[in-house]
Each structure stands twice: as C-alpha cells, then as structure tokens.
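Please report on the empty space, the sheet and one loop residue of this protein. Keep it brief.

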Amino acid sequence: LPRYIETLYPGSLIEVVEIDPDVTRLAYEELNLPPDTSIRSYNQDARLYLNRLRERGVQKRYDLVYGDAFNGYAVPYHLTTREFNEIVKRILKEDGFYLLNIVDKYTKGYFLRACVRTLERTFSHVYVIPATGCWEEGCRSTFVLIAGSTPLDFEALRREVDAPDREEFLSLLWSEEQKDEFLSSGPTVILTDDYAPVDNLIAPILSED
C-alpha cells in the first residue's frame with residue numbers, strides 16, 4: 001500500500017511505523033523497495049511513535065492512517081482501544097480516514113463487534129467491508145474497517161480509483177442495516193486502556209482453527 005500511494009500520488013508524505021526492524025530490512029532486500037524511496041520508515045511501536053510526536057509538539061495531519069498490525073493470533077491490545085482511536089483522530093485531517101484490518105469469524109464476531117463499537121465512540125462514520133469471499137460461511141476472514149468524521153464518497157472512489165477488483169471489493173460493503181443487525185446480535189464490549197480483553201474475544205476463532 002505505501003508503494004501504491006507513492007506511485008499514484010508522487011510527492012506524498014508516506015510514513016511506515018513498523019516495530020520489527022527485520023520487516024523493514026526485508027522490504028528493501030527481498031521486496032525490492034528502492035533505496036531512494038520517499039517512504040519513511042520508523043522502527044517503533046505505532047502508539048509510542050504517535051505519542052512522541054505529540055510530546056515534541058509536532059503537528060502532523062494525515063489524509064489516511066492505515067492499521068495492519070493484527071492477525072488472528074497476536075493482537076496488540078493497546079492499538080484497539082478508544083484512547084488509541086482518539087489519538088488517531090487527532091492526527092487525521094477533517095476529511096481523513098482511518099483504515100483497520102482485523103481478523104475474525106462472522107459467526108462468532110466478538111472481536112469484530114468490539115472493534116466496530118469502539119470506533120463508533122470516536123468516529124461519526126464506520127464502515128465494514130469483508131475481504132474474504134467465504135465470510136458469511138464462518139471462515140476465518142479479514143475485515144476492513146473504515147472510520148472517519150465525514151462520510152465516504154463512494155461515487156468519487158468509483159471515478160478516481162482505478163483498481164481491477166474495486167467494484168468487487170465495494171460490493172461487499174455492509175449496509176448500515178446489515179452492520180446494525182450484526183452489532184445487535186451479540187454482546188457489546190467497548191475496548192479501553194483499562195479494559196481490552198482481546199485475547200478472550202479472539203479465543204473462539206483460535207479454538208476452531
């Protein structure tokens with residue numbers, strides 16, 4: 001995604017915060033990230049990085065923040081909480097968006113439901129797009145959550161984004177009714193720095209894999 005944005009929007013400020021230096025090294029050595037790339041990489045925890053920006057008085061506002069730190073087996077809980085979402089909101093432009101990849105099973109959905117509910121405490125608009133075709137059958141699936149203070153302009157996406165699977169991806173977008181039905185079908189957990197039982201929430205998908 002950073003390289004896609006670098007190509008599509010030359011001159012953009014693109015920053016990658018990756019806690020593992022070996023992942024950054026592999027990007028250069030194995031994935032052919034060029035040495036003269038404009039992508040800036042920082043090997044830190046994402047929340048620590050954002051907190052240090054604030055402590056130094058650095059005022060950055062982003063069009064897009066993309067979180068891709070979760071899988072079905074290891075979830076850094078401090079990147080799931082309402083407090084972290086508030087940090088993200090502060091660094092977004094008014095019309096910016098926060099994208100988050102999570103893994104869950106629709107038939108269980110405890111972690112997915114908690115993430116959506118928690119995002120809704122901070123952002124006015126939260127969208128859910130399954131990225132796996134078998135999600136309704138209860139397979140272990142990736143869900144893309146999109147959160148922002150302004151609504152997404154899907155017609156603009158169709159006009160301006162040229163991607164071969166764009167229409168298929170957008171067709172999976174949950175309607176508000178579909179999202180509300182899912183949210184009301186199970187317990188509501190709001191993730192906070194004081195209470196973020198993510199291990200318990202993802203336990204059902206681990207026990208069935």
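## Cavity

The largest cavity in this predicted model has a volume of about 30 Å³. The count of cavities of 30 Å³ or more comes to one. Its lining consists of Phe70, Leu79, Thr80, Asn85, Leu100, Cys115 and Leu119. By class, that lining has five nonpolar residues, two polar and no charged.

Cys115 and Leu119 also appear among the buried residues of helix 5. Helix 5 spans residues 110-120 and is mostly covered, with eight of its eleven residues buried. The others on the buried list are Phe111, Leu112, Arg113, Ala114, Val116 and Thr118. An α-helix has 3.6 residues a turn, so residues three or four places apart point the same way.

## Second largest pocket

The second largest pocket has a volume of about 200 Å³. Two elements each give two or more residues to its lining: helix 3 (46-55) and helix 4 (82-91). Helix 3 provides the largest share, four residues.

Leu50, Asn51, Leu53, Arg54, Val58 and Gln59 are among the lining residues. Lys60, Arg61, Ile87, Arg90 and Ile91 line this pocket too. The class split is five nonpolar, two polar and four charged.

## Sheet

Four strands form an open sheet in the order 3-4-6-5, with mixed pairing. Strand 3 (62-67) and strand 5 stand at the edges. Each has a single partner strand, so one side of each is left without a neighbour in the sheet. From one strand to the next, the twist averages 15°.

Strands of a sheet pair through backbone hydrogen bonds, either parallel or antiparallel. Strand 3 and strand 4 (residues 92-105) run parallel and are joined by five bridges. Val65 has Tyr98 in strand 4 as its bridge partner. Helix 4 lies across strand 3 and strand 4. Helix 4 runs at about 145° to strand 4.

## Ala131

Where does Ala131 sit? Ala131 is in the loop between strand 5 (125-130) and strand 6 (140-148). Is Ala131 buried, exposed or partly exposed? Ala131 counts as partly exposed because its relative accessibility is 43%, between the cut-offs of 20% and 50%.

Leaving aside neighbours within four places in sequence, Ala131 is in contact with Thr142, Val144 and Phe169. Ser141 is ten residues from Ala131 along the chain. The C-alpha atoms of Ala131 and Ser141 are separated by 7.0 Å.

Definitions and conventions:
Residues are numbered from 1 along each chain as its sequence is written. This is a predicted model: local features need pLDDT of at least 70, side-chain atom pairs count only at pLDDT 80 or more; totals for chains, interfaces and linings use all residues. Side-chain values use heavy atoms; hydrogens and water are left out. On a 1 Å grid over the protein atoms alone, a cavity is a set of points where a 1.4 Å probe fits but cannot get out, and a pocket is an open set with protein on both sides within 12 Å along at least five of seven lines; lining residues have an atom within 4 Å of a point. Grid points are joined across faces, edges and corners, and a volume is the space filled by probe spheres set on the points. Ala, Val, Leu, Ile, Met, Phe, Trp, Tyr, Cys and Pro count as nonpolar, Asp, Glu, Lys and Arg as charged, and the others, Gly among them, as polar. Buried means under 20% relative accessible area, exposed over 50%, partly exposed in between (1.4 Å probe, protein chains only). Contact means heavy atoms within 4.5 Å. Two strands pair if DSSP finds at least two bridges between them. Axes are lines fitted to C-alpha atoms, for helices over the stretch in contact, and angles run from 0 to 180 degrees between N-to-C directions.
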